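Subject: Structure handover

Hello,

Here is the structure I promised to pass on. Please have it open while you read the notes underneath.

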Amino acid sequence: MSRPCPPPELVSLIDDAKARLKKHDVGTKYSHLSSNKYSILIPLLAKEGKLYLLFTLRSEKLRRSPGEVCFPGGKCEPADVDDVATALREAQEEVGLLPQQVEVICCLVPYQFDKNTLITPVVGFIDHNFHAQPNPDEVKTVFPVPLEYFLRPHIYHQNIVTKSGHHFIIHCFEYTSPEDGVTYHIKGFTAKFALFIAIIILGEKPTFEVEFNLNDLMSSSEEFFLKLYKHRTSKL
């Protein structure tokens with residue numbers, strides 16, 4: 001089954017975003033750094049002339065990070081052939097997104113969650129007709145946020161953490177859905193990846209300080225990852 005084509009007015013918007021994202025594809029370059037691998041799918045959606053990111057609100061039933069906003073994702077299983085397969089499987093399990101409803105564009109520089117855990121972000125455009133079917137055991141709800149919000153948020157704050165002489169910015173966005181009035185808190189590495197993708201695709205400077213060199217996003221993101229990797233893997 002092929003993916004339905006987006007409306008003509010969205011094609012150029014999507015094509016431009018794809019071209020920008022592909023310049024930041026690292027593929028499997030860092031996959032060997034950990035045997036404890038996780039992948040997340042960062043779903044992009046084009047509608048009404050704009051790009052959106054699709055987020056999930058984790059179920060309160062979950063033992064790990066209940067009630068937090070995140071992207072679909074989880075731990076690599078033996079049957080997964082690569083990081084992309086993990087992300088697509090988890091998205092299907094969590095929100096009913098079929099693999100054929102996703103056009104995978106790239107894998108971004110990963111995130112070292114702790115000394116043993118590597119999280120790979122897989123970016124893909126999803127079918128514009130997709131209707132989420134959240135798995136109630138894992139996901140409470142699914143909601144979109146305009147990509148531009150992560151450059152010009154209405155409510156935003158950041159914390160700067162210093163560890164072993166290294167400075168790390170923790171981004172925190174508050175977003176109120178116009179559909180139901182619910183306010184969501186997007187933070188941590190979920191916020192970091194949302195911000196990074198917004199900078200890549202929209203090519204604009206955020207209204208707040210970021211940890212990346214905006215003139216060389218690819219190199220600075222790799223430097224940030226390697227610094228974090230060295231810091232966390234050196235902790236015994």
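What follows is a tour of the helices and of some loop positions. Bear in mind that this is a predicted model.

**The H3/H4 pair**

Start with helix H3, residues 188–202, and helix H4, residues 217–233. Their axes come within 12 Å and cross at roughly 165 degrees. An angle over 145 degrees counts as roughly antiparallel. H3 and H4 are therefore roughly antiparallel to each other. The hand of their crossing is left-handed.

Which residues meet at this contact? H3 brings Lys192, Phe196, Ile199 and Ile200. H4 answers with Leu217, Ser221 and Phe224. Sorted by class, the contact has five nonpolar residues, one polar and one charged.

**H3 by itself**

H3 has 15 residues, and its end C-alpha atoms are 21 Å apart. That agrees with the 21 Å the helix should span at 1.5 Å a residue. Twelve of the 15 residues are buried, so H3 is largely enclosed by the rest of the structure. The buried set runs Thr190, Ala191, Lys192, Phe193, Ala194, Leu195, Phe196, Ile197, Ala198, Ile199, Ile200 and Ile201. Lys192, Phe196, Ile199 and Ile200 appear in that set, and these residues also meet H4. Just after the helix, Gly203 takes a positive phi of about 65 degrees.

**H4 by itself**

H4 has 17 residues. From first C-alpha to last it reaches 24 Å, close to the 24 Å expected at 1.5 Å a residue. Its buried residues are Leu217, Ser220, Ser221, Glu222, Phe224, Phe225, Leu228, His231 and Arg232. What covers them? The cover includes strand S6 (111–112), S7, strand S9 (155–163), strand S10 (166–176) and H3.

**The loop between H3 and H4**

Two residues here deserve a look.

Phe212 is found in the loop between H3 and H4. Is it buried or exposed? Its relative accessible area is 7%, under the 20% cut-off, so Phe212 is buried. Leaving aside neighbours within four places in sequence, Phe212 is in contact with both helices. On the H3 side the partners are Lys192, Phe196 and Ile199. On the H4 side they are Leu217, Ser220 and Ser221. Phe212 and Phe55 are 157 residues apart along the chain, and 23 Å separates their C-alpha atoms.

Leu214 lies in the loop between H3 and H4 too. With a relative accessible area of 31%, Leu214 is partly exposed. Not counting residues up to four places away in sequence, Leu214 touches Ile199, Lys205 and Pro206. Ile199 is a contact of Phe212 as well. Leu214 and Pro146 sit 68 residues apart in sequence and 21 Å apart in space, C-alpha to C-alpha.

**H2 and Thr86**

Now move to helix H2, residues 83–95. H2 has 13 residues and reaches 18 Å from its first C-alpha to its last. The expected value at 1.5 Å a residue is 18 Å, so the fit is close. The buried residues of H2 are Asp83, Thr86, Ala87, Leu88, Arg89, Glu90, Ala91, Glu94 and Val95. Among the elements that cover them are strand S1 (36–47), strand S2 (50–58) and strand S4 (73–75). Strand S5 (102–107), strand S7 (117–126) and strand S8 (139–146) are also included.

Thr86 is one of the buried residues of H2. Its relative accessibility is 0%, so Thr86 counts as buried. Not counting residues up to four places away in sequence, Thr86 touches Ser39, Gly74, Lys75, Cys76 and Asp80.

**Two other loop positions**

Gly27 sits in the loop between helix H1 (8–22) and S1. At 29% relative accessibility, Gly27 counts as partly exposed. Gly27 and Asn129 are 102 residues apart in sequence, and 28 Å apart in space, C-alpha to C-alpha.

Glu48 is found in the loop between S1 and S2. Its phi is near 50 degrees, a positive value in a residue other than glycine. With a relative accessible area of 68%, Glu48 is exposed.

Best wishes

Terms used. Residues numbered from 1 in each chain as written. Predicted model: local features only at pLDDT ≥ 70, side-chain atom pairs only at ≥ 80, totals over all residues. Heavy atoms only, no water. Axes fitted to C-alpha atoms, helices over the stretch in contact; angles between N-to-C directions. Parallel < 35°, antiparallel > 145°, perpendicular 65-115°, else oblique. Left-handed = near helix turned anticlockwise from the far one by under 90°. Contact = heavy atoms within 4.5 Å. Nonpolar A, V, L, I, M, F, W, Y, C, P; charged D, E, K, R; others polar. Buried < 20%, exposed > 50% of the residue type's maximum accessible area, 1.4 Å probe, protein only.
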